[in-house]
Structure formats: C-alpha cells, structure tokens
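User: I'd like to understand how the labels on this model are earned. Could you take me through them, setting each value against its definition?

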Amino acid sequence: MSRIGKLPITVPEGVTVEVKEDNTVEVKGALGVLTQKVDPELEVKIENGTLKVTRPTDSKRHRSLHGLYRSLIANMIEGVSKGYEIKQVLVGVGYKATTNGQLLELNLGYSHPIFLQLPPEVKIEALTERRSNPVITLKSIDKQLIGQVAAKIRSFRPPEPYKGKGIKFEGEEIRRKAGKAGATT
C-alpha cells in the first residue's frame, strides 16, 4: 500500500465533501469551494466523517495515483477550512513591491518595473515598513495555485548566494558563498 494513500482523511466540522458520478470530488467550506477530477479507476469513499481513497490493483500507475489524489483531496479540505498563506521577503537596496487590486508592481533593480496580474483566487498584500525589507503576503484556498504564483514572483529575482539579494520565502536560509580571496602579494 502507498504510505500516503492508505491514510484516511478526517473531514473537519463545517466542511462538506461530495463525490459526484463522474468521480469529481467537491469540497465546500467556510472559505470557498474547490473541485478535483479523480482518475476513474480509483474509488473515493466517505464514511463516518472520514474520507478514504482506494485503488483496484498494485500496479505502478495505480500506486502513484493513489498517493497523489489522496494528497490533493487533503490539501483541498485544509484549504477550504484554514486557507494557505505564503510570505516572501524582498532583500536588496531599493527593492519595492506595491499592489493595486490584483496587480503587483515590483521594482527589483532592473531598468524597468515588473507588473504581474494575479488570478482572482489569490489575495495579495505588500507591506513596507521603515528599516525593514518589503514583505509580500499571498493568501488563497488553493495550495497549487498559490505555490505557482509564489514561484513566478520568486523567478523574477531569485536569491543569489554571495550577498543574499533577491526574493526569498520568509524563514528560508540562503546558503552563502565566500567571495573572492584577497591577493597575497
């Protein structure tokens, strides 16, 4: 059995899970609604407040899909009940982030500002305090979408190993390299 796939998912209070005829799982919670199409060969059962994903055989394909869909459904349940939040820090002199609705404007040391239109499912907040680095906060119920948006923002200026400048996740440690060794003449 897949170690992840065989774990049952407990459905918290206030969250309803519905499995439709075409093997689509719909999860409704206080924060919103998410749907996921599940492979037709896998079976999703709900009993006594727990959800279980089962596979028909032990073939490699079924084993891999088993853990995948169990994780996706668990992320959907957590998303509609608690939500997800990612914080990113802009480290560098003159780096700025401002928002105007769903439009993010970044000044990252290039000759031009970078504009990024965010999907409506992702809420964004840019905070700049005196004497500290700007922080971008992303909030959403969809874990996959918020991760893609955060990766796209980071791709504009990934952290470099010498000075640590760039866009990094909050709490992330950047492995620093030593610079050039001094001349010994």
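User: Which residues of α1 are called buried, and what does that word require?

Analyst: Happy to help! Buried means under 20% relative accessible area, exposed means over 50%, and partly exposed lies in between, with a 1.4 Å probe and protein chains only. In α1, the residues that meet the buried label are His-62, Leu-65, His-66, Gly-67, Tyr-69, Arg-70, Ile-73, Ala-74, Met-76, Ile-77, Gly-79 and Val-80. Keep in mind that this is a predicted model: local features need pLDDT of at least 70, side-chain atom pairs count only at pLDDT 80 or more, and totals for chains, interfaces and linings use all residues. Residues are numbered from 1 along each chain as its sequence is written, and side-chain values use heavy atoms, leaving out hydrogens and water.

User: What makes α1 a helix, and how does its reach compare with the expected span?

Analyst: Helices are DSSP runs of H or I with at least four residues, strands are runs of E with at least two, and both are numbered from the N terminus. Helix α1 covers residues 60–81, which is 22 residues. The expected span is 1.5 Å times one less than the number of residues; for α1 that is 32 Å, and the helix reaches 33 Å from first C-alpha to last, close to expectation. Just after α1, Gly-83 takes a positive phi of about 90°.

User: Why is Glu-26 called buried, and what is Lys-20 called?

Analyst: Glu-26 has 14% relative accessibility, so it counts as buried. Lys-20, at 35%, counts as partly exposed.

User: What makes Glu-26 and Lys-20 a salt bridge?

Analyst: The rule asks for a side-chain nitrogen of Lys or Arg within 4 Å of a carboxyl oxygen of Asp or Glu. The N to O distance for Glu-26 and Lys-20 is 3.5 Å, and this pair is a salt bridge. The rule gives seven salt bridges in the count.

User: Where do Glu-41 and Arg-61 sit, and how do you know that they bridge?

Analyst: Their side chains meet at 3.1 Å, N to O, in a salt bridge. The pair links distant parts of the chain, 20 residues apart: Glu-41 is in the loop between β4 (33–37) and β5 (43–47), and Arg-61 is in helix α1. Glu-41 has a relative accessible area of 40%, so it is partly exposed; Arg-61, with 44%, is partly exposed.

User: What is the distance for Glu-85 and Lys-139?

Analyst: That salt bridge has an N to O distance of 3.7 Å. It links strand β7, home of Glu-85, to strand β12, home of Lys-139, 54 residues apart.

User: What makes a group of residues a nonpolar core, and how many residues does the largest have?

Analyst: A nonpolar core is a set of buried Ala, Val, Leu, Ile, Met, Phe, Trp, Tyr and Cys residues joined through side-chain atoms within 4.5 Å. The largest has 22 residues, and Leu-90, Leu-104 and Ile-153 are among those with the most contacts inside it. Its largest share, five residues, comes from α2. A second, separate core of 19 residues includes Val-27, Val-38, Leu-42 and Val-44.

User: Which strands are called edge strands in the three-stranded sheet?

Analyst: The open sheet runs β1-β6-β5 with antiparallel pairing. Its edge strands are β1 (9–10) and β5, since each pairs on one side only. Two strands pair if DSSP finds at least two bridges between them, and β1 and β6 (residues 50–54) have two.
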